[in-house]
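Me: I would like a close look at one part of this model, with the local backbone and burial set out in words. Add whatever else can be said about the rest, as one connected answer.

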Amino acid sequence: MKSPLTARFWHSRVVLITGSSRGIGLQMARCLLPLGACVVITARQTESLTEAEKRLRQEFPEGQMSFFAADLTNPQEAALLVAHTLETWGHLNLLVHNAGLSMRGSVEQTVPEVVRQVIEVNFLAAYWLTREAGAALRASGGHVEFVSSQAGLRGFANVVPYSAAKMSLTALSQGLRAEWKTVTAGVAYLGFVENDPQKTLLQADGSTTTYQRPWKMKQQEAARFVLWAAQHKKKKAVSTFLGKLLALLQAWLPDVVDWVISRGAGRLHRVTKNAKI
Ligand SMILES: NC(=O)c1ccc[n+]([C@@H]2O[C@H](COP(=O)([O-])OP(=O)(O)OC[C@H]3O[C@@H](n4cnc5c(N)ncnc54)[C@H](OP(=O)(O)O)[C@@H]3O)[C@@H](O)[C@H]2O)c1
């Protein structure tokens, strides 16, 4: 595990974590509340969000938190979320773009609506919220952390729209660093992480499915990794040895990566209901 998250750094920092009603985002809130951060949790579904808030209040009675339901694919709802954060806490230090939507399907078989939704949730939602939070982040000299994936380092079979959306977060973070001199931005590239039982992903035809993998990182470990990257303002943080190897080979020997991946094309991101991949 990377160096620990320090209360000295996190105490009183206002942190907005998207997609925090479950999974990795909820674990991030669990990491930060005992350190004294002021945490805003958010997701679309009010019911699961209030349930998450209730659980966090039971676990951390002293924890400072607020919640706000918003569909971040809608720029107006992104603006309302930023307004809630500033009205409740006065400022914003860290914005973590964690909300995401996963999918499986080949380029030919995936219907346009799935492609649209995946780009909307993984890229446009992050873009709208970043845009709305810009003034607050510049005022605080804050940090933006994007949660990406190894599929954001290179394309894989059966996840092209997801991969494209995650890659675009790299461009967004690089562009932000150039446009907003007082704000830092970075991307955390995660490998396979255990899935929340409530998590669904889209299939090529637009139907949803659930799945679990036998080998994966714990959610808590992934959450700590993302927050560690934010604490240290890493521009690029790649989790796991395999992820680091992939990033290195992709940069220096892309033909080798093409060859290796084409040999197993489809297998890595194949999915059937509750598939053991
Ligand atoms: N799990 C993995 O193996 C893995 C690997 C690499 C990277 N990642 C990335 O890590 C992040 C978290 O993954 P996870 O597995 O914890 O995801 P998850 O369990 O599916 O949680 C996604 C969260 O995003 C929220 N959300 C979805 N659409 C939204 C929208 N339009 N507006 C606002 N909130 C929305 C969901 O709540 P509502 O449905 O109520 O909105 C939920 O709270 C994602 O960005 C994912 O791509 C995950």
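Reply: A residue counts as buried if 20 or more other C-beta atoms lie within 10 Å of its own, as exposed if 12 or fewer do, and as partly exposed in between. T240 has 17 other C-beta atoms within 10 Å, and is therefore partly exposed. The model is predicted, and what follows describes that prediction. T240 sits in the loop between strand 9 (236-238) and helix 8 (241-252). Its phi is positive, about 70°, although T240 is not a glycine.

A second residue can be described in these terms. N158 is not a glycine either, and its phi is a positive value near 75°. It belongs to the loop between strand 5 and helix 6 (160-179). N158 has 22 C-beta neighbours inside 10 Å, so it counts as buried, whereas T240, with 17, is partly exposed.

Strand 5, which precedes the loop of N158, also leads to the ligand. Strand 5 (143-149) is one of the elements that each supply at least two residues of the shell around the ligand, along with helix 2 (23-32) and helix 5 (112-140). Helix 2 gives the most, with three residues. In total, 29 residues surround the ligand, and the closest are G19, G23, A43, R44 and G100. By residue class, the shell holds 11 nonpolar, 13 polar and five charged residues. Glycine is counted among the polar residues here, a point to keep in mind for G19, G23 and G100, which are among the closest to the ligand.

Technical notes:
Residues are numbered from 1 along each chain as its sequence is written. This is a predicted model: local features need pLDDT of at least 70, side-chain atom pairs count only at pLDDT 80 or more; totals for chains, interfaces and linings use all residues. A residue is near a molecule or strand if its C-beta atom, placed from the backbone, lies within 6 Å of it. Helices (H or I, at least four residues) and strands (E, at least two) are DSSP runs, numbered from the N terminus.
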